[in-house]
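Visitor: Could you walk me through this model? Short questions, short answers.

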Amino acid sequence: MTADVAGTLLPAARRPRQDGRAAGSAADGWRDALRGAVRRSGPVLPAVAVVALVAVPAAPAGDGSAGTGSVADAASALLVAYCLVRLARERARPLTRTAALVLGLPVLGVTVAALTSGDAPAALPGVARYLQIFVLVPAALLLLIRDRRDFRLVAGAVVALALVEGSIGVTQYLTGTGASYMGENIRAVGTFGPTDVMGMATVVAYGLVICVGYALAPVRKPGPRRRTVALVGAGLLLVPLALSFSRGAWIATGVALLLQLIVSGVRRAAVVVLAAGALGVVLVGGLGIGSQMISERLSSITRVTDAPDQSVADRYTMWAAATDMWRERPVTGVGLKGFPAHRDSHASLGLSSGSDTAGAGLGFQRQPLLSPHNMYLLVLSEQGLLGIMALAGSWAALLVLALRRLPRYGRGGGGCALVVTGLLVWQFVDFGYADIGGPSTVLTAVMFGLAAWWALSPDHGRPGPARNRETGSGAAAA
């Protein structure tokens, strides 16, 4: 009897210990999985951190401008240092000759412009900024991204940031807590504030282009689920992009998306354009979502000489001033950071003293016009022909090399190919209406890093075995 009772109770007594071992095994499995994921993605986690820290608000400068430093900028410096440490430990050849030439071209123009500047100490921050955005951070990402999984991780971080900033922007529009626009605090600016009204628009546009790139990729590679997620993300990001009221971002996004559609198929492009037009009519015309302000903003794009608004008039006045500066010193320009000092002597009397900013947690202030809001004219005026040829030559080479790899679009590289092509085209079109500056600029460096990996990495498109993620040997995984 006692033995029967003991035999009956023994399994029950053992059961909690078995459950505990099972729970411990499950916890160990999760820890091992997490440790393995961190180990696999370790080299690009600093880049993901840089993207995430872009959302941290940066205090505006004392003169009302967006300022030049942020937490994300400091993180990008740590990213470069981390890359250098890894190179020293692995004793690997850092860059191919082509990559060194393409990424090193901007150094030439920036260095000459700094040496010939009338105020060399004032030019040093400009040197650091140009090298950060166009040389150091892109080169670091080129070396740290090992395969398409790493590429997707960094690109996914950009999309996540865009969704966060976009949701904040939509909330600002709905609650009247955004930046001031036409007398109302409704302009969606995210965490960037009224001093960097292009910041949220840039982030959201990057995320939208990435989502569309993966949505248009061949189904067999990203899979139906990834395509659905990408399409949903793209649809969500369209709303904050519209509510940013950024004409330059709208134009650049339209051109980039149209090119992505054409590359993926002309018939598909025609269908999507018609569907998007119908959706726009329903949302804006039928439901009246921001119809009056958005239509007014759209119509202002074409008003160049026929009663343009003050912002358009100021922009064209500064473009003319930048051109005059280049004519004065055509080879080397007026020097880095020289545009503000030479602006008044070359601009007409129609230029206002600054733009009005308010809302999004800040009071009214005048934001000085310190650049021509055109990257090409800024480089031309401050670095001359030498600088624009070096910088634009680097960008053109990057785009050409990326387009040369488009034939791999149907062989597993569709997502990366369309994403990089769209991002580069977006940036080059947007540079016609904006330039570098503000907290969101570091994200431009990340974008150039993604493009550099796709265009310049020597082994990511080759067939062969997956690369060993621990040693870095072998061909990159497809």
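## Salt bridges and burial

Guide: Asp 150 and Arg 146 are both buried.

Visitor: How far apart are the closest N and O atoms of Asp 150 and Arg 146?
Guide: This is a predicted model, so the value is computed from predicted coordinates. Asp 150 and Arg 146 form a salt bridge. Their closest N and O atoms are separated by 2.9 Å.

Visitor: How many salt bridges does the protein have?
Guide: A pair counts if a side-chain nitrogen of Lys or Arg is within 4 Å of a carboxyl oxygen of Asp or Glu. Asp 150 with Arg 146 is one such pair, and Arg 129 with Asp 73 is another, at 3.0 Å. By this rule the count is 4.

Visitor: How many residues separate Arg 129 and Asp 73?
Guide: The side chains of Arg 129 and Asp 73 meet in a salt bridge. Arg 129 belongs to helix H5 (residues 120-144) and Asp 73 to helix H3, so the pair links distant parts of the chain. The separation is 56 residues.

Visitor: Is Arg 129 buried or exposed?
Guide: Buried means under 20% relative accessible area. Its partner Asp 73 has 11% and is therefore buried. Arg 129 has a relative accessible area of 12%, so Arg 129 is buried.

Visitor: Asp 324 and Arg 327 are in which helix?
Guide: The two side chains form a salt bridge, 3.0 Å from N to O. Asp 324 is partly exposed at 29% relative accessibility, whereas Arg 327 is exposed at 55%. Because they are 3 residues apart in the helix, about one helical turn separates them; the helix is H12.

## Helix H9 and the nonpolar patch

Visitor: Which residues make the nonpolar surface patch of about 350 Å²?
Guide: The patch is made by Leu 258, Ile 262, Val 266 and Val 273. The elements giving two or more residues to it are helix H9 (247-264) and helix H10 (266-286).

Visitor: Is Leu 258 buried, partly exposed or exposed?
Guide: Leu 258 is part of helix H9. Other residues of H9 are buried, including Trp 250, Leu 257 and Leu 261. With a relative accessibility of 41%, Leu 258 counts as partly exposed.

Visitor: How far apart are the end C-alpha atoms of H9?
Guide: The expected span is 1.5 Å times one less than the number of residues. For the 18 residues of H9 that gives 26 Å, and the model agrees: its end C-alpha atoms are 26 Å apart.

Visitor: Which residue just after H9 takes a positive phi?
Guide: The phi angle there is about 145 degrees. The residue is Gly 265.

## Loops and packing

Visitor: What is the phi of Lys 337?
Guide: Lys 337 sits in the loop between helix H12 (310-328) and helix H13 (339-346), and counts as partly exposed at 42% relative accessibility. Lys 337 is not a glycine, yet its phi is positive, at about 65 degrees.

Visitor: Where is His 373?
Guide: His 373 is not a glycine, but has a positive phi of about 55 degrees. At 27% relative accessibility, His 373 is partly exposed. Its place is the loop between strand S4 (362-367) and helix H14 (375-404).

Visitor: Leaving aside neighbours within four places in sequence, which residues is Ser 70 in contact with?
Guide: Ser 70 lies in the loop between helix H2 (45-53) and helix H3 (71-90). Ser 70 is buried, with a relative accessible area of 15%. Its contacts beyond those neighbours are Ala 58 and Pro 439.

Visitor: How far apart in space are Leu 153 and Val 48?
Guide: Leu 153 lies in helix H6 (residues 148-175). Leu 153 and Val 48 are 105 residues apart in sequence. From C-alpha to C-alpha the distance is 7.6 Å.

## Confidence

Visitor: What is the mean pLDDT of the protein?
Guide: Of the residues, 72% reach 70 or more. Residues 5-15 stay under 50, and the model has 0 contacts for them beyond four places in sequence. Residues 461-478 are also below 50, but have 34 contacts beyond near neighbours in sequence. Where pLDDT is low, the predicted coordinates should not be read in detail. The mean is 79.

Technical notes
Residues numbered from 1 in each chain as written. Predicted model: local features only at pLDDT ≥ 70, side-chain atom pairs only at ≥ 80, totals over all residues. Heavy atoms only, no water. Helix = DSSP H or I, 4+ residues; strand = E, 2+ residues; numbered from the N terminus. Buried < 20%, exposed > 50% of the residue type's maximum accessible area, 1.4 Å probe, protein only. Contact = heavy atoms within 4.5 Å. pLDDT = per-residue confidence, 0-100. Patch = residues over 30% accessible without salt bridge, like charges linked within 9 Å, V, L, I, M, F, W, Y side chains within 5 Å. Areas by Shrake-Rupley, 256 points an atom, 1.4 Å probe, with all protein chains shown as cover.
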